[in-house]
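Me: I should like to work through this model by question and answer, from the overall fold down to single residues. Please show the sequence and structure before we begin.

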Amino acid sequence: MNKRLLNPFKPGAGHRPPYLAGRETETQGFSRLLKQSTILENMVLTGLRGVGKTVLLDAFKPIAQKEGWFWVGTDLSESASLNEENIAIRLLTDLSILTSPITIGQSQRRGIDFTSSPEIEEQKLDFQTLQQIYQNTPGLPIDKLKQVLEFVWSILKDIPDFKGIIFAYDEAQTMADHTDRDQYPLSLILDIFQSIQKKDIPFMLALTGLPTLFPKLVDARTYSERMFRVVFLDRLSDAAVRDAVEKPLEDHELKLSEQSIHQIIRLSDGYPYFIQYICREVYDLFIQQISTGAVPSVPASEIVRKLDSDFFSGRWAKATDRQRELLAVIAQLEGCDTEFSVQEVVEKSKDLLEKPFGSSHVNQMLCTLSDAGLVYKNRRGKYSFAVPLLGGFIKRQEIQEMV
Ligand SMILES: Nc1ncnc2c1ncn2[C@@H]1O[C@H](COP(=O)(O)OP(=O)(O)O)[C@@H](O)[C@H]1O
Ligand SMILES: [Mg+2]
């Protein structure tokens, strides 16, 4: 098959796009954080699902490495049930990937309690070694972890041009303290970094997650407010959408008309996942149409229908009838795609429904919908849809139900 005909667009969680458009301001912001020698600010990168957090975090990695930073970390999507011990092991595991090629001699081990016999000349700084230090340090997980991190720093700090380590964690909104079990893994992470950063150790946190992430950090530890610079990823500008669409096609014989590009800008509303999704569809279709000699055009309603069934309908199917009714009321609010208050929903439901919702009921239902990942509460106490373009989808459902 002609390589030029391979579809370059990649809708899918964490799939690197053929061209990463826009995000210059965010990248500059991140680069500024890299200039710190004493870490006063860590990064939180948040935004709705599909807005491009994971791929942007990936794009930051080489930038940081070029500046002399080491990069460790993982995806925390399964971390909801972690306890303090697990999160400590998580950090040690991530760190050991970086440190395991390093060998330490006897003198460097002085003052640290290793189980290995002292006559061993050299020891690798691998997971086992880190775990030994952890286990042999008395005290709470935080004391143990601090000892390990300080020790690693004492070894790494002599490496020429070494700036520090970035601990990058994706889907960090899944971290949680569990008061009922007396387990505080989230607070542990915050305390640990706060404490070592005070000692001038340049280990920086870069957390990404849904918009619930930052409020959650502040809930756990109020000092998080000052500890993080929050970057809120939003939809792309029209110019950036154009780049995302056109740049991957620069070497292709396929060119999109101005009208098609405008259609894509309108349909995607600048949301990266939708851009990739729509472009992938359009590309396949255009290739077919060109081979039959037809003049290609963007079949907007077909694409929207396909997107509805691929992206939205699964989430919609999980909502109860009464929840759908509430969501339909919200979709009629002018601000549904930005933010709305409980009061606005109550008022609107009086206009629209025979049995309107009371405010405590709305409150309670929004909480449930928030757990289901459909809405989230921002720090001003207002709500927003947690899924981009959900308002439009809900309105389309109503029209379908009416016919
Ligand atoms: N700046 C961008 N330009 C073009 N496509 C992008 C951009 N950011 C993300 N994408 C695409 O959007 C989709 C979602 O990105 P992802 O990083 O998984 O989002 P998130 O982590 O916020 O849910 C992927 O298909 C990715 O290729
Ligand atoms: Mg992601």
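Me: Which residue in S5 does Gly 73 stand opposite?

Reply: This is a predicted model, and every value below is computed from it. Strand S2, residues 69–75, pairs with S5 in the parallel sense over 7 bridges. Within S5, the residue opposite Gly 73 is Ala 168.

Me: How many of the residues of S5 are buried?

Reply: Strand S5 covers residues 164–170. On one side Gly 164, Ile 166, Ala 168 and Asp 170 are all buried, and on the other side Ile 165, Phe 167 and Tyr 169 are buried as well. Both faces of S5 are therefore covered, given that a residue is buried if 20 or more other C-beta atoms lie within 10 Å of its own. The number of buried residues in S5 is 7 of 7.

Me: Which residue in S6 stands opposite Ile 166?

Reply: S5 is joined by 5 bridges to strand S6, residues 203–209, and the two run parallel. Opposite Ile 166, the residue in S6 is Met 204.

Me: What is the order of the strands in the open sheet?

Reply: The sheet holds 5 strands, and their pairing is parallel. S2 and strand S7 (228–232) each have a single partner strand and stand at the edges, so one side of each has no neighbour in the sheet. Neighbouring strands are turned against each other by 15 degrees on average, direction ignored. The order is S2-S5-S6-S1-S7.

Me: Which residue in S7 stands opposite Met 43?

Reply: Strand S1, residues 42–46, and S7 run parallel and are joined by 5 bridges. The residue in S7 that stands opposite Met 43 is Arg 229.

Me: Which helix makes a β-α-β unit with S5 and S6, and what is the hand of that unit?

Reply: S5 and S6 are parallel strands, joined by 5 bridges. The helix that completes the unit with them spans residues 185–198. The helix is H6, and the unit is right-handed.

Me: At about what angle to S2 does helix H3 run?

Reply: Helix H3, residues 84–99, lies across S2 and S5. S2 and S5 are themselves paired in the parallel sense. The angle of H3 to S2 is about 140 degrees.

Me: Is Leu 188 buried or exposed?

Reply: Leu 188 is placed in helix H6. Leaving aside residues up to four places away in sequence, Leu 188 touches Glu 84, Ile 87, Pro 141 and Ile 142. Its C-alpha atom is separated by 9.7 Å from that of Asn 83, although the two are 105 residues apart along the chain. Because Leu 188 has 24 C-beta neighbours inside 10 Å, it counts as buried.

Me: What is the value of phi near Asp 182, and where is this residue placed?

Reply: Most residues other than glycine have a negative phi. Asp 182 has a positive value, near 60 degrees. With 9 other C-beta atoms within 10 Å, Asp 182 is exposed. The place of Asp 182 is the loop between S5 and H6.

Me: Is Asp 200 buried or exposed?

Reply: Asp 200 lies in the loop between H6 and S6. Its phi is near 70 degrees, a positive value in a residue other than glycine. Because Asp 200 has 10 C-beta neighbours inside 10 Å, it counts as exposed.

Me: Which helix gives the most residues to the shell around ligand 1?

Reply: Of the 25 residues around ligand 1, those that come nearest are Pro 17, Gly 52, Lys 53, Thr 54 and Pro 272. The elements that give two or more residues to this shell are helix H2 (53–66) and helix H11 (272–291). With 4 residues, the helix that gives the most is H11.

Me: How far apart are the C-alpha centres of domain 1 and domain 2?

Reply: The protein chain is divided into domain 1 (24–232), domain 2 (236–298) and domain 3 (315–402). Its C-alpha trace spans about 80 × 60 × 30 Å along the principal axes. The C-alpha centres of domain 1 and domain 2 are apart by 40 Å.

Me: What share of the residues of the protein chain count as buried?

Reply: The protein chain contains 16 helices and 9 strands. Of its contacts with a separation of 6 or more, 70% are between residues 24 or more positions apart. Of the 403 residues, the share that count as buried is 36%.

Key
Residues are numbered from 1 along each chain as its sequence is written. Chains are lettered from A and ligands numbered from 1 in the order in which they are written. This is a predicted model: local features need pLDDT of at least 70, side-chain atom pairs count only at pLDDT 80 or more; totals for chains, interfaces and linings use all residues. A residue is buried if 20 or more other C-beta atoms lie within 10 Å of its own, exposed if 12 or fewer, and partly exposed in between; C-beta atoms are placed from the backbone. Two strands pair if DSSP finds at least two bridges between them. A crossover is right-handed if, with the strands pointing away from the viewer, the path from the first strand over the helix to the second runs clockwise. Domain bounds come from an automatic or database domain assignment. Axes are lines fitted to C-alpha atoms, for helices over the stretch in contact, and angles run from 0 to 180 degrees between N-to-C directions. Two residues are in contact if their C-beta atoms, placed from the backbone, lie within 7 Å. A residue is near a molecule or strand if its C-beta atom, placed from the backbone, lies within 6 Å of it.
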